[in-house]
Amino acid sequence: TDFFQFLGPHMDSVRHMRIVHVESPDRYMVLLDLDSQRSADEVYAGYNGRPYSSMDTERCVVLYVRRLHFADPDPNARFYSTAAAGA
């Protein structure tokens, strides 16, 4: 929900979204499929380099992606689980 608040009014332009967790438990990547090139340009202009909050030193990095290929999951891959972290 933090990300939804961060993206604010641009959430109306999102057709599809996938949240991808990376190795660090406090970082993630969000893949957005937006409804138009104009929406993508607005998100890029408004959010690239912007801090996530006034108290955060991390900055948002926005990249254009032309194509994605989802491979079959690797059974040997390690995934971070928030449930396992608290156990």
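Me: Happy to be looking at this predicted model with you. Why is Tyr64 called partly exposed?

Reply: Its relative accessibility is 45%. Partly exposed covers the range between under 20%, which is buried, and over 50%, which is exposed, so at 45% Tyr64 counts as partly exposed.

Me: And what makes the pair of Tyr44 and Tyr64 stacked?

Reply: The two ring centres are 5.2 Å apart and the planes stand at 25 degrees. Rings pair if their centres lie within 6.5 Å, and planes under 30 degrees apart count as stacked. Tyr44 and Tyr64 therefore form a stacked aromatic pair.

Me: Why is this pair said to tie together parts of the chain?

Reply: Tyr44 belongs to helix H2, while Tyr64 sits in the loop between H2 and H3, so the pair joins parts that are 20 residues apart in sequence. Tyr44, at 33% relative accessibility, also counts as partly exposed.

Me: The structure holds four aromatic pairs. Why is the one between Phe6 and Tyr52 called tilted?

Reply: Their planes are at 50 degrees, with ring centres 5.1 Å apart. Stacked needs under 30 degrees and edge-to-face needs over 60, so an angle in the rest of the range is tilted. This pair links distant parts of the chain, with Phe6 in helix H1 and Tyr52 in the loop between H2 and H3, 46 residues apart.

Me: How do you know whether Phe6 and Tyr52 are buried or partly exposed?

Reply: Phe6 has 9% relative accessibility, so Phe6 counts as buried, the limit being under 20%. Tyr52, at 36%, counts as partly exposed. Ring pairs also link Phe3, Phe6, Tyr47 and Tyr52 into a cluster.

Me: Let's turn to H2. Which of its residues are buried, and what makes them line one face of the helix?

Reply: In H2, residues 37–47, the buried ones are Ser39, Ala40, Val43 and Tyr47. Seen down the axis of H2, these buried residues fall within an arc of 100 degrees, so they line one face. An α-helix has 3.6 residues a turn, so residues three or four places apart point the same way. The buried residues of H2 pack against helix H1 (2–7) and strand E2 (28–34), whereas the face turned away from the buried side carries the exposed Gln37, Arg38 and Ala45.

Me: Which element has the highest mean pLDDT, and which the lowest?

Reply: H2 has the highest, 95, and helix H3 (residues 82–86) the lowest, 43. Over residues 80–87 the pLDDT is below 50, and beyond near neighbours in sequence this stretch has three contacts in the model.

Methods
Residues are numbered from 1 along each chain as its sequence is written. This is a predicted model: local features need pLDDT of at least 70, side-chain atom pairs count only at pLDDT 80 or more; totals for chains, interfaces and linings use all residues. Side-chain values use heavy atoms; hydrogens and water are left out. Buried means under 20% relative accessible area, exposed over 50%, partly exposed in between (1.4 Å probe, protein chains only). Helices (H or I, at least four residues) and strands (E, at least two) are DSSP runs, numbered from the N terminus. The arc is that of the directions from the helix axis to the C-beta atoms. Contact means heavy atoms within 4.5 Å. pLDDT is the predictor's confidence in each residue, from 0 to 100. Rings of Phe, Tyr and Trp (its six-membered ring) pair if their centres lie within 6.5 Å; planes under 30 degrees apart count as stacked, over 60 as edge-to-face and the rest as tilted.
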